[in-house]
Amino acid sequence: MEVHKILIDGKWIKSDSGETFESVNPATEEVIGKFQQGNGEDVKAAIDAAEDAFEKWSSYPAPRRGEVLFKAYQLLKRDKERLGKLVTSEMGKVLPEGLGDVQEAIDMTAYMAGEGRRLFGHTTPSELPDKFCMTIRQPLGVVGLISPWNFPVAIPAWKLMPALVCGNTVVFKPASDTPLCAIELVKILEEAGLPKGVVNLVTGPGSIVGEEIVTNPKIRAISFTGSREVGIEVRKKAELKKVGLELGGKNGIIIMDDADLDLALDGVLWGGFGTTGQRCTAASRVIIHKKIKNKFLDMLFERTKILKVGDGLKKDTEVGPLVNKKAVEKVDKYTQIGLDEGAKLLYGGRKVGGKGFFYQPTIFTNVDVDMRIAQEEIFGPTVSVIEIDSLDEAINVMNSINYGLSSSIYTQDVNRAFKAIEKIESGLTYVNASTIGSEVHLPFGGVKDTGNGTREGGIEGIHEFSETKTVYVDYSGVLQRAQIDIE
Ligand code: UN1
């Protein structure tokens, strides 16, 4: 069994702790490899290496940093198949989605490589003569990246690529369910020619490795994707560091009485059961007009019962396993909660026997807006159906949660669509498409408890990892006092 290492200052080494943990394939329960149980000393060494590398890396012209990313983009494309299979083996999503995960990283890497030749600030006139005003973007310093397991290549790339093109150096802690995907991604950056110490990777528990990253004063910014509870802790402990948080979701699909029901059905199946419901953007609520509810539920039942649950590497599998045993227990606990609350189980609600962490796609109907299954993030293949009578009611239901990440409406009526776009409280709204499937060159993130107002991806991803400097150049040769010498 291969024992993987951590990367500090360009060297793959063992942790100071002398301990390891295992990563397990959730479909087969086979151990994929052993990984270092990093500790605070490892993180401190990683931070020192990143600090040392900062001067050199931040002084590289940004287009040259972009060139390293462009090389990484080519290598990711070369290795797409291998990495896609690794994603599926390590966290379970079906192979087309595993490949999609890698493609998202490829896209982000290409996009951020191009940013090396932009990193735009702006210029603006001065209120005084012979004076020039502009803003420029500068790196933050050493940044700490803490990534989740559900997009084990894509989300690390969302964080790494903008951080790097902006000239930061990095201490990276991946989720303990998917350390190998992270290691392979970082190896690609090494192969692309990233200088030593620019990215340092420490595997290990959040309570130790994450804690040191978040609290160490030498780290200038944290980018964290994970649960709401941990996000709140991160924000508190990070004190005055710049913090970017992408937390949970309880995303809904509104289906109005004029919707194309076949299209909406595809959207519900994809949003609810794609990635086995393990996306922050998963559609865990269906908010449906009562006129078409029964018809739609019949259609949904017929399609759900024939979904093939199994190992994501097998060709005909449509729904892979959950990530680990704890996740199965959590989803099952919510099935019981739903039943206790009086919701009606239309389909599923059971663990699948045998090896692997499988759970049936599960649909609850007769769900009230304030039930826990309609409010809390389950992060599994559980869809709650809530009946509504009007667009206003649908929007109220949509907004009745603490989260605000993604949302969707199916309607043929442009007035309804625009009303929903205006009134739904979420960072993303889709019209006649499901709640999942964001693109890397647009900002991604949410409102309310989904985060702290930051966005990843797009130009806002650059803002997350850079500082704005405002520059005034006075070429008048005399003292000009702003707000005073205005004649
Ligand atoms: C997530 O679940 O944290 O839009 C990210 C989507 C993907 C990313 C999801 N591109 O569903």
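User: Hi! Where does Val414 sit?
Analyst: Val414 is placed in helix 14. Keep in mind that this is a predicted model.

User: Is that residue buried or exposed?
Analyst: Val414 counts as exposed because its relative accessibility is 52%, and the cut-off for exposed is over 50%.

User: Which residues make up the nonpolar patch there?
Analyst: The patch on the surface is formed by Val414, Phe418, Ile421 and Val431. Together they have about 360 Å² of accessible area.

User: And which element gives the most to that patch?
Analyst: That would be helix 14, residues 414-423, with 3 residues in the nonpolar patch.

User: Switching to the ligand. Which residues are around it?
Analyst: Going along the chain, you'll find Glu104, Asn150, Phe151, Ile155, Trp158, Arg279, Cys280, Thr281, Ile436, Gly437, Ser438 and Phe444 around the ligand.

User: What does Glu104 do there, in terms of distances?
Analyst: One of the polar side-chain atoms of Glu104 is 2.9 Å from a nitrogen atom of the ligand.

User: Which residues lie by an oxygen atom of the ligand?
Analyst: Asn150 has a polar side-chain atom 3.2 Å from a ligand oxygen atom. Gly437 uses its backbone instead, with an N or O atom 3.0 Å from an oxygen atom of the ligand.

User: How much of the ligand's accessible area does the protein cover?
Analyst: On its own the ligand has 320 Å² of accessible area, and the protein covers 98% of that.

User: New topic: strand 16. How many of its residues are buried?
Analyst: Strand 16 spans residues 382-388, and 6 of its 7 residues are buried, leaving the strand mostly covered.

User: Which strands are joined to strand 16, and how many bridges are there?
Analyst: Strand 13 (residues 283-289) runs parallel to strand 16 and is joined to it by 5 bridges. Strand 15 (residues 362-365) is also parallel to strand 16, with 3 bridges between them.

User: Which residues are bridge partners there?
Analyst: Ile287 has Ile386 of strand 16 as its bridge partner. For Ile363, the partner in strand 16 is Val383.

User: OK, salt bridges. How many are there?
Analyst: The count comes to 31 salt bridges. In general, side chains of opposite charge can pair when their charged atoms come close.

User: What about Lys159, which residue does it meet?
Analyst: Lys159 and Glu456 meet through their side chains in a salt bridge, at 3.0 Å from N to O. Lys159 lies in helix 5 (residues 154-165), while Glu456 is in the loop between strand 18 (428-431) and helix 15 (458-464), so the pair ties together parts that are 297 residues apart in sequence.

User: Are those two buried or exposed?
Analyst: Lys159 is buried at 1% relative accessible area, and Glu456 is buried at 2%.

User: And how does the pair of Glu115 and Arg118 look?
Analyst: Their closest N and O atoms are 2.9 Å apart in a salt bridge. Glu115 is buried, with 2% relative accessible area, whereas Arg118 is partly exposed at 36%.

User: What about Glu376 and Arg372?
Analyst: Their side chains form a salt bridge at 2.8 Å, N to O. Glu376 is partly exposed, at 23% relative accessible area, and Arg372 also counts as partly exposed, at 36%.

User: Last one: which residues are joined into a network by salt bridges?
Analyst: Arg78, Asp79, Arg82, Glu184 and Glu191 are joined into one network through salt bridges that share partners.

How values were computed. Residues numbered from 1 in each chain as written. Predicted model: local features only at pLDDT ≥ 70, side-chain atom pairs only at ≥ 80, totals over all residues. Heavy atoms only, no water. Patch = residues over 30% accessible without salt bridge, like charges linked within 9 Å, V, L, I, M, F, W, Y side chains within 5 Å. Areas by Shrake-Rupley, 256 points an atom, 1.4 Å probe, with all protein chains shown as cover. Salt bridge = Lys/Arg side-chain N within 4 Å of Asp/Glu carboxyl O. Helix = DSSP H or I, 4+ residues; strand = E, 2+ residues; numbered from the N terminus. Buried < 20%, exposed > 50% of the residue type's maximum accessible area, 1.4 Å probe, protein only. Near = heavy atom within 4 Å. Polar contact = N/O pair within 3.5 Å; in protein donor to acceptor, adjacent residues only side chain to side chain. Pairing = 2+ DSSP bridges.
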